[in-house]
Amino acid sequence: MLLEYPNIDAFFFTAGSVYGGCKALHQLTTRKKYTVITFDNSETTQDFMRKDIVTATIFQDPYLQGYRSLSTISDYILFNQLPEKEKNLTETTIKIKESL
């Protein structure tokens, strides 16, 4: 893709593409600097941030998202209790190398 579109200077990787995309950029023989934004806060993503491959990552606390979802549906099924709010949002954080 980079051979066909050499003007590309930024990437956005989500889910399973984070590791493969960052690994490919890390292995490039060119020294071109790319802006790379990801949607993940795994150890692998943090490692690529330390290597200056990932510029920033968006983090939404997947543990809390899953916990709240299961808690809400369990309360409804077991106790016929509706959620207190229509939307139950989690905090979104943008992390950079300096905030690891």
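**Exercise 1. Determine where Leu 82 is placed, whether Leu 82 is buried or exposed, and which surface patch includes this residue.**

*Solution.* Leu 82 has its place in the loop between α3 (62–79) and β4. The model under study is a predicted one.

Step 1. The relative accessibility of Leu 82 is 61%. Exposed residues have over 50%, so Leu 82 counts as exposed.

Step 2. Leu 82 belongs to a nonpolar patch on the surface, together with Leu 70, Ile 73, Tyr 76, Ile 77, Leu 78 and Phe 79. The accessible area of these residues together is about 820 Å².

**Exercise 2. State how many strands form the sheet and in which order, and explain why β1 and β4 are each left with a side lacking a neighbour.**

*Solution.* Step 1. The sheet is open and consists of 4 strands in the order β1-β2-β3-β4, with mixed pairing.

Step 2. β1 (10–14) and β4 (93–96) stand at the edges; each has a single partner strand, and therefore one side of each has no neighbour in the sheet.

Step 3. On average, neighbouring strands of this sheet are turned by 20° against each other, direction ignored.

**Exercise 3. Trace the bridges from β1 through β2 to β3, and find which residues take part in them.**

*Solution.* Step 1. β1 and β2 (residues 35–39) run parallel and are joined by 5 bridges. Ala 10 has Thr 35 of β2 as its bridge partner, and Phe 13 has Thr 38 of β2.

Step 2. β2 and β3 also run parallel, joined by 2 bridges. Here Thr 38 stands opposite Thr 57 in β3. Thr 38 thus appears both as the partner of Phe 13 and opposite Thr 57.

**Exercise 4. Assign the residues of β1 and β2 to a covered or an uncovered face, and identify what helices α1 and α2 lie across or touch.**

*Solution.* Step 1. In a regular strand, side chains alternate between the two faces of the sheet.

Step 2. For β1, the covered face holds Phe 11 and Phe 13, while Ala 10, Phe 12 and Thr 14 are on the uncovered face. For β2, Val 36 and Thr 38 are on the covered face, and Thr 35, Ile 37 and Phe 39 are on the uncovered one.

Step 3. Helix α1 (residues 17–27) lies across β1 and β2 and runs at about 150° to β1. Helix α2 (residues 43–50) packs on the sheet and touches β2, β3 (56–59) and β4. The direction of α2 makes about 155° with that of β3.

**Exercise 5. Find how many salt bridges the whole structure holds, and establish for each the residues and their accessibility.**

*Solution.* Step 1. Side chains of opposite charge can pair when their charged atoms come close. A search of the whole structure yields 2 salt bridges.

Step 2. One of them joins Lys 51 and Asp 47, whose closest N and O atoms are 3.2 Å apart. Lys 51 is partly exposed at 40% relative accessible area, and Asp 47 is partly exposed at 32%.

Step 3. Asp 52 and Lys 97 also meet in a salt bridge, at 3.0 Å from N to O. Asp 52 lies in the loop between α2 and β3 and Lys 97 in the segment after β4, so this pair ties together parts that are 45 residues apart in sequence. Asp 52, at 42%, is partly exposed, as is Lys 97, at 33%.

**Exercise 6. Decide whether Ile 53 is buried or exposed, and name the residues in contact with Ile 53 beyond its sequence neighbours.**

*Solution.* Step 1. Ile 53 lies in the loop between α2 and β3.

Step 2. Its relative accessibility is 13%. Buried residues have under 20%, so Ile 53 counts as buried.

Step 3. With neighbours within four places in sequence left aside, Ile 53 is in contact with Cys 22, Leu 25, His 26, Tyr 34, Val 36 and Phe 48. Tyr 34 is 19 residues from Ile 53 along the chain, and their C-alpha atoms are separated by 7.6 Å.

**Exercise 7. Examine the phi values of Asp 61 and Asn 80, and state where each residue lies.**

*Solution.* Step 1. Asp 61 is not a glycine, yet has a positive phi of about 50°. Asp 61 lies in the loop between β3 and α3 and is partly exposed, at 27%.

Step 2. Asn 80, also a residue other than glycine, has a positive phi near 55°. Asn 80 is in the loop between α3 and β4 and counts as exposed, at 59%.

How values were computed:
Residues are numbered from 1 along each chain as its sequence is written. This is a predicted model: local features need pLDDT of at least 70, side-chain atom pairs count only at pLDDT 80 or more; totals for chains, interfaces and linings use all residues. Side-chain values use heavy atoms; hydrogens and water are left out. Two strands pair if DSSP finds at least two bridges between them. Axes are lines fitted to C-alpha atoms, for helices over the stretch in contact, and angles run from 0 to 180 degrees between N-to-C directions. Contact means heavy atoms within 4.5 Å. Patches are made of residues with over 30% relative accessible area and no salt bridge: like charges are joined within 9 Å, nonpolar side chains (Val, Leu, Ile, Met, Phe, Trp, Tyr) within 5 Å. Accessible areas come from the Shrake-Rupley method with a 1.4 Å probe; for residues, only the protein chains shown count as cover. A salt bridge is a side-chain nitrogen of Lys or Arg within 4 Å of a carboxyl oxygen of Asp or Glu. Buried means under 20% relative accessible area, exposed over 50%, partly exposed in between (1.4 Å probe, protein chains only).
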